[in-house]
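Hi there,

As promised, here is the structure we talked about. Have a look at it first, and then read on for what turned up.

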Amino acid sequence: MTVTSAFIINSILLGAGLAMDAFSVSIANGLEDPGMSHKRMCCIAGTYAGFQFLMPLAGWFCVHKIASAFEAFQQFIPWIALFLLSYIGGKMLADGIWKIRAAEEEKFCCKRLDPATLFMQGIATSIDALSVGFSTGSADGMRDRCRCHVRDLHVRAAVRQALRRAAVR
């Protein structure tokens with residue numbers, strides 16, 4: 001592979017774009033705990049950086065080593081993704097319209113960020129990096145990359161809603 005200036009610029013922009021959701025969640029965590037120690041800040045940043053580093057590698061590995069086991073399901077993958085994203089979107093709408101979770105959210109207000117929540121935030125903010133790993137590992141990377149970015153928009157919308165809920169607290 002030839003490294004050109006376009007490749008370097010593309011890589012830098014892709015990295016910056018992938019890091020935006022982790023940056024947003026980090027800001028929300030900082031607003032939630034303004035007196036956070038430097039050690040805790042580094043732990044949170046390291047968690048997000050680790051997931052941002054490992055997820056593309058995991059996606060690439062899945063495409064090259066595991067995907068052949070799922071060739072029988074390949075035709076159903078878009079339908080599975082449609083069902084999951086529709087369910088998540090419908091659930092978000094229902095929660096927003098009928099305020100089903102309003103009472104539950106109040107009792108979790110001002111809860112300290114525990115390791116399990118940090119782990120889940122690390123996964124949630126690096127799902128788009130996993131999709132980049134899928135697209136770089138596939139033969140037709142550009143077509144798959146476009147599909148992954150459409151899925152990323154749905155993931156980012158869910159993260160934005162979670163950040164808004166955290167900001168309200």
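Let me start with a question you can try on the viewer: which residues does A22 touch, not counting residues up to four places away in sequence? The answer is Y48, Q52 and T125. A22 itself is found in helix α1, and because its relative accessibility is 6%, under the 20% cut-off, A22 counts as buried. F51 is 29 residues from A22 in sequence, and their C-alpha atoms are 9.8 Å apart in space.

**How far to trust it**

Please keep in mind that this is a predicted model. The mean pLDDT of the protein is 77, and 72% of the residues reach 70 or more. One stretch calls for care: over residues 139-147 the pLDDT stays under 50, and the model has five contacts beyond four places in sequence for this stretch.

**The overall picture**

The secondary structure comes to seven helices and zero strands, so if you read along the sequence you meet the pattern α-α-α-α-α-α-α. The protein has 169 residues, and buried ones make up 23% of them. Of the contacts with a separation of 6 or more, 82% are between residues 24 or more positions apart.

**Helices α1 and α2**

Helix α1 covers residues 5-32, which is 28 residues. At 1.5 Å a residue it should span 40 Å, and its end C-alpha atoms are 40 Å apart, so the two values agree. Along the way, α1 bends by about 35 degrees at M20. The buried residues of α1 are L18, D21, A22, V25, A28 and N29.

Helix α2 has 29 residues, from 38 to 66. The same reckoning of 1.5 Å a residue gives an expected span of 42 Å; the end C-alpha atoms of α2 are 40 Å apart, which agrees. The buried residues of α2 are R40, I44, T47, Y48, F51, Q52, M55 and G59.

**The nonpolar cores**

What makes up the largest nonpolar core? It consists of seven residues: A22, V25, M36, I44, Y48, L113 and L118. Helices α1 and α2 each supply at least two residues of this core. Apart from it lies another core, of six residues, among them M55, A129, L130 and V132. As background, nonpolar side chains tend to be buried together in soluble globular proteins.

**D21, S126 and I127**

D21 lies in helix α1. Is D21 buried or exposed? Its relative accessibility is 5%, so D21 counts as buried. Leaving aside its neighbours within four places in sequence, D21 is in contact with Q52, A124, T125 and D128. Q52 is thus a name to remember, as it is listed for A22 and for D21.

S126 is found in the loop between α5 (115-125) and α6 (127-137). Because its relative accessibility is 0%, S126 counts as buried. The side chain of S126 reaches the backbone oxygen of G122 at 2.7 Å. Leaving aside its neighbours within four places in sequence, S126 is in contact with F51, Q52 and M55, and these three are among the buried residues of α2. D21 and S126 are 105 residues apart along the chain, while their C-alpha atoms are separated by 8.1 Å.

I127 is found in helix α6. At 30% relative accessibility, I127 counts as partly exposed. The C-alpha atoms of I127 and F51 are 9.0 Å apart in space, and the two residues are 76 apart in sequence.

**Where to look**

If you open the model over coffee, you could begin with S126 and its contacts with F51, Q52 and M55. From there you could go on to D21, which is in contact with Q52, and then to A22, which touches Q52 as well as Y48 and T125. Write back if anything in this tour is unclear.

Best wishes

Note on methods: Residues numbered from 1 in each chain as written. Predicted model: local features only at pLDDT ≥ 70, side-chain atom pairs only at ≥ 80, totals over all residues. Heavy atoms only, no water. Helix = DSSP H or I, 4+ residues; strand = E, 2+ residues; numbered from the N terminus. Expected span 1.5 Å × (residues − 1). Buried < 20%, exposed > 50% of the residue type's maximum accessible area, 1.4 Å probe, protein only. Bend = angle between axes of the 7 residues up to and from the residue. Polar contact = N/O pair within 3.5 Å; in protein donor to acceptor, adjacent residues only side chain to side chain. Contact = heavy atoms within 4.5 Å. Core = buried A, V, L, I, M, F, W, Y, C linked by side-chain atoms within 4.5 Å. pLDDT = per-residue confidence, 0-100.
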